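Thank you for making time this morning. I would like to walk through one structure with you, going from its cavities to its cores and then to a few single residues.

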Amino acid sequence: MSTGTAAPADTAAARAAAAERAASAIATERARSRRDSRRGALNGWVVTALVSVALVVLWEIAAELWLTRLGVLASPTAIVQSLVADWPVYLNAFSATAWVAVRGWFFGNLAAVVVAVLFVQLPALESLFLRLALTLFCLPLVAVNPLLQLTFDPDTAKVVLAALSVFFTTLVGTMLGLRSADGGPLTMVTAWGGRSLSALRFVRFPSGIPAILTGLQIGAAAAVLGAIFGEFIGAKAGLGVLLINGLMSLELGRVWSVAVIATVMAAVPYGVFGLLRRWLTPWSASISTAQAAAPARRGPLAARLLRTVAWTVGSILVILAAWWAYLIAFDMSPFVGKSPLDVFAYLFTSEDAAANQAVMLKALGETLVHAGVGYVAGLVIGIAAAVAFVTFPVVERVLTPLAVGLRSVPIIVLIPVLILALGRGLGGVVAITAIVTFFPTLANTQSGLRRVPSDAFTLMRSYDASIWSNLWRLQLPYTLPSIFASARIAAPTAVLAATLAEWLATGDGLGHEIVASRAHSDYTGLWAAAAILTAVSLIFYSLVSWAERAVLAKYSPTQLG
């Protein structure tokens, strides 16, 4: 009996010892993993610090040797000296611009999130009003700024301009996030009797938080740019005023001090919201975001085409109604505020219609070349940078400040520099357009690459897939919706950037026509150029949307929203 009793006891003791050894091994492995993680993070930050110091030293040497004499770039030493010597001036300017940017960022993002929810919940509203939202985004800043100054008091006009700069990018990103909800939970909500509001509360909104936070990141730089641009006309204080004064007096130290302050204003909230995204949504990379299959549209081809045409015509009527409503609501003077009928007569029925058309078509052709080449270049570089950032974390730590800086440094600062370096021809304008296009592409693509489910990587590892195989077969196909969202955002942005470069540097294209019309009080020509520019941006956006649907239908049908 004693032998029979001891055997189970020995077995239990052996099992307990084995469990203790397994627990000890797991604890040891976890500790080793944490040490390796800390060591890797420390090494990454050390490399980042060393590379950053090296870049600053090279900047100082290059500026002192020739860039400052060429009037291109101030040295870090000159920037610091200017900031220290005139810090009360910079502090007052920073406070004025930051207050405008914060309000514009808040109201623009709030409106974008609310509108995105309405569009996702009520697709009919999206079909009617998305083009109106896109129209607001496509309005050329060169024309909008003086009109806002005539409509609102100066402070409100600057806030509205900053809000417009933020609105559309957050709208597109939020809609993408809300529609990336997992099809399984959505089906469960429906099966348990939940309605669309329940699906929004419990599935769509939590799934959309990473995309919303990405929109808030991008919006920080856009709000700063909009606030500074709003200070170019009628402002008494702010970074924009200092910038104009510095350019006019050729004070490189002041110009680049403003650029550094603007970069910090954009980089700090960008980093904060990046940390918030990682802290609030650690689950975002471990869940699937495959959508429930959308029901196929049925019916004859003619009926589907008729339905599409009807929605398009309805959207155009909404845009025209909003145009007239703006003129009426704000009691615009007929001398300044021109209606759609005035623009139509200017281009088609007046005595000078043929001459007006010739001028506008020539300018439009120049703008399309500038915008198209810069658009493609910005997309390619942005996607490549996002892949490098996700694949090689050290690259991200070193180059993210530079990327944010390129987006947040006011375009009016970069334009003289790039034109001086690359000339007033196609190269300078393309570089400016590519820089503006690059940053939204980088941010959205990087966010999409990081939302690939971890179980998909586990499956690829089981097949011993390489980094490049993971990228080509898993990450890029999964990120196609984010890439195309970036492409849609970048389409009108590229057109607007090209017009800014034409206004400030080249003296051709629709950007120059808008400025020339305003200078000669030809407000009908100004509204006509703005309308043409907006229509072209809408067509550009629609073409990218069509390409998106075609590509996703073939390569990623589960993510076709």
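Let me begin with a convention on residue classes: Ala, Val, Leu, Ile, Met, Phe, Trp, Tyr, Cys and Pro count as nonpolar, Asp, Glu, Lys and Arg as charged, and the others, Gly among them, as polar. This is a predicted model, in which local features need pLDDT of at least 70 and side-chain atom pairs count only at pLDDT 80 or more, while totals for chains, interfaces and linings use all residues. Residues are numbered from 1 along each chain as its sequence is written, and side-chain values use heavy atoms, with hydrogens and water left out.

I start with the cavities, where a cavity is a set of points, on a 1 Å grid over the protein atoms alone, at which a 1.4 Å probe fits but cannot get out, and lining residues have an atom within 4 Å of a point. Grid points are joined across faces, edges and corners, and a volume is the space filled by probe spheres set on the points. The structure holds 4 cavities of 30 Å³ or more, and the largest has about 290 Å³ of space. Of the 21 residues lining this largest cavity, Phe137, Leu141, Ser165, Thr493 and Leu496 are the closest to its centre. By class, the lining divides into 17 nonpolar residues, 3 polar and 1 charged.

Which helix gives the most to the lining of the largest cavity? Helices here are DSSP runs (H or I, at least four residues), numbered from the N terminus, and the answer is α18, with 5 residues. Helices that each supply at least two lining residues include α4 (123–138), α6 (154–178) and α18 (467–506).

Next come the cores, a nonpolar core being a set of buried Ala, Val, Leu, Ile, Met, Phe, Trp, Tyr and Cys residues joined through side-chain atoms within 4.5 Å. Buried means under 20% relative accessible area, exposed over 50%, and partly exposed in between (1.4 Å probe, protein chains only). In the largest core, which has 72 residues, those touching the most other members are Trp256, Met360, Tyr375, Leu510 and Trp527. Helix α20 (residues 523–555) provides the largest share of this core, 10 residues. A second, separate core has 24 residues, including Phe168 and Tyr541.

Helix α20 also holds threonine 524, which counts as buried at 16% relative accessibility. Leaving aside neighbours within four places in sequence, threonine 524 is in contact (heavy atoms within 4.5 Å) with Lys338, Asp342 and Tyr346.

Let me close with the aromatic rings. Rings of Phe, Tyr and Trp (its six-membered ring) pair if their centres lie within 6.5 Å, with planes under 30 degrees apart counted as stacked, over 60 as edge-to-face and the rest as tilted. By this rule there are 9 aromatic pairs. Phenylalanine 152 and phenylalanine 330 have ring centres 5.0 Å apart and planes at 70°, so this pair is edge-to-face. The pair links distant parts of the chain, 178 residues apart, with phenylalanine 152 in the loop between α5 and α6 and phenylalanine 330 in the loop between α11 (301–329) and α12 (340–349). Phenylalanine 152 is partly exposed at 24% relative accessible area, and phenylalanine 330 is partly exposed at 37%. Together with Tyr326, Phe152 and Phe330 are linked by ring pairs into a cluster.

How values were computed: On a 1 Å grid over the protein atoms alone, a cavity is a set of points where a 1.4 Å probe fits but cannot get out, and a pocket is an open set with protein on both sides within 12 Å along at least five of seven lines; lining residues have an atom within 4 Å of a point.
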